[in-house]
Amino acid sequence: MLSEETKKRIEAEEQFRHDLKVKLEAELATAKSAFASLHKQAEQVEKKATSKVIEFLNSSVGTWFLSSVVITGGAAMLQQIQHSHEIE
């Protein structure tokens with residue numbers, strides 16, 4: 001059998017483990033809630049940025065910019081195709 005001193009030591013170790021487990025679980029819960037809050041804030045910032053980009057592209061300046069890029073890009077692509085055909 002175990003002596004009283006050994007039983008008390010084992011009981012103290014188990015109590016320490018239990019207290020540590022409770023403390024770590026509380027810290028984990030706090031960290032999870034903080035992470036969830038940061039994640040929510042990040043999603044809100046992303047939505048704001050996306051809505052601003054869409055708002056810009058729907059404006060007259062944004063539409064002009066998009067059309068200029070498409071027309072310029074298409075013309076450049078056609079020039080390269082024509083140039084490669086001339087080389088061949």
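A salt bridge here is a side-chain nitrogen of Lys or Arg within 4 Å of a carboxyl oxygen of Asp or Glu. With that in hand, welcome to a set of close-ups of this predicted model.

**View 1. R9 and E13 form a salt bridge in helix 1**. The closest N and O atoms of R9 and E13 are 3.1 Å apart, which is within the 4 Å limit for a salt bridge. Because R9 and E13 sit four residues apart in helix 1, about one helical turn separates them. R9 is partly exposed, with a relative accessibility of 46%. E13 is partly exposed too, with a relative accessible area of 33%. As a general reminder, side chains of opposite charge can pair when their charged atoms come close.

**View 2. E14 and R17 make another salt bridge in helix 1**. Here the closest N and O atoms are 2.9 Å apart. The spacing along the chain is three residues, so E14 and R17 are again separated by about one helical turn. E14 counts as partly exposed at 44% relative accessibility, and R17 counts as partly exposed at 48%. How many salt bridges does a search of the whole structure find? The count is two.

**View 3. Helix 1 and helix 2 cross at roughly 80 degrees**. Helix 1 spans residues 4-58 and helix 2 spans residues 60-87. Their axes come within 4 Å of each other. Are the two helices roughly parallel or roughly perpendicular? An angle of 65 to 115 degrees counts as roughly perpendicular, so that is the description that applies to helix 1 and helix 2. On the helix 1 side, the contact is made by F56, L57 and N58. Helix 2 contributes S60, V61, G62, T63 and L66 to this contact.

**View 4. A nonpolar patch of about 750 Å² lies on the surface**. Which residues make this patch? They are V53, F56, L57, V61, W64, F65, L66 and V69. Helix 1 and helix 2 are the elements that each give two or more residues to the patch. The largest share comes from helix 2, with five residues. Take a moment to find L57, which belongs to helix 1. L57 is partly exposed, with a relative accessible area of 30%. L57 is part of the nonpolar patch and is also one of the residues in the contact between the helices.

**View 5. E25 and I81 are separated by 65 Å**. This distance runs between the C-alpha atoms of the two residues, which are 56 residues apart along the chain. E25 is located in helix 1. Is E25 buried or partly exposed? With a relative accessible area of 46%, E25 is partly exposed, because that class lies between under 20% for buried and over 50% for exposed.

Note on methods: Residues numbered from 1 in each chain as written. Predicted model: local features only at pLDDT ≥ 70, side-chain atom pairs only at ≥ 80, totals over all residues. Heavy atoms only, no water. Patch = residues over 30% accessible without salt bridge, like charges linked within 9 Å, V, L, I, M, F, W, Y side chains within 5 Å. Areas by Shrake-Rupley, 256 points an atom, 1.4 Å probe, with all protein chains shown as cover. Buried < 20%, exposed > 50% of the residue type's maximum accessible area, 1.4 Å probe, protein only. Axes fitted to C-alpha atoms, helices over the stretch in contact; angles between N-to-C directions. Parallel < 35°, antiparallel > 145°, perpendicular 65-115°, else oblique. Contact = heavy atoms within 4.5 Å.
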